[in-house]
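Please open the model in a viewer and keep the sequence panel visible. The tour below proceeds from one selection to the next.

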Amino acid sequence: MKFAVVFDVHLWPFKRMGGPLLRGINRRGALTLQTLHRAVDGANEAEAPLIVAGDLIDEAGMISPQFAAAIRVELLRANNGVYLVLGNHDMNAVDDHSLGPYEHSVIRVVDEITRIEGCVDLVPF
């Protein structure tokens, strides 16, 4: 079984040297989204599910709806599914996280120890 793994992507429209927001996304936000785009492309080329091993986003606070939608669009491009493993930057509070908006039938949020494909244990933060 093959897996494509990326970790600590830290997607966020950072203000420092980010420039103005255009439809909720600034230049630095667009650059971080390009990282996710390349990860999905790699997973698709490998015909493997994508595992985001923690810290999909940089801050668990408020995110612009446009930026959240752009993340979801990128994740939905993955042909073999996505596992979003909860990381410390994805946490809002005890038993609360910011990955819920990305859940979908092909995007699974992993917030407890989970065995996938009968061979790999995913362990969230």
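Select helix α1, residues 27–46. At 1.5 Å a residue, its 20 residues should span 28 Å (1.5 Å times one less than the number of residues), and the end C-alpha atoms lie 29 Å apart, which agrees. Helices are DSSP runs of H or I of at least four residues, and strands are runs of E of at least two, numbered from the N terminus. This is a predicted model, in which local features need pLDDT of at least 70 and side-chain atom pairs pLDDT 80 or more, while totals for chains, interfaces and linings use all residues. Residues are numbered from 1 along each chain as its sequence is written, and side-chain values use heavy atoms, without hydrogens or water.

Next, colour the buried residues of α1 (under 20% relative accessible area, 1.4 Å probe, protein chains only; exposed is over 50%, partly exposed in between): Gly-29, Thr-32, Leu-33, Leu-36, Ala-39, Val-40, Ala-43 and Asn-44. Viewed down the axis, the buried residues fall within an arc of 140° (directions from the axis to the C-beta atoms), so they line one face of the helix. On the other side, Arg-27, Arg-38 and Glu-45 are exposed.

Now display what covers the buried residues of α1, which includes β1 (4–6), β2 (50–53) and α2 (65–76); contact here means heavy atoms within 4.5 Å.

Finally, inspect the two ends. At the start of α1, a side-chain oxygen of Asn-26 comes within 3.3 Å of the backbone nitrogen of Arg-28. After the helix comes Glu-47, with a positive phi near 55°.

Methods:
A polar contact is a pair of N or O atoms within 3.5 Å; within protein, one must be able to donate a hydrogen and the other to accept it, and residues adjacent in sequence count only if both atoms are side-chain atoms.
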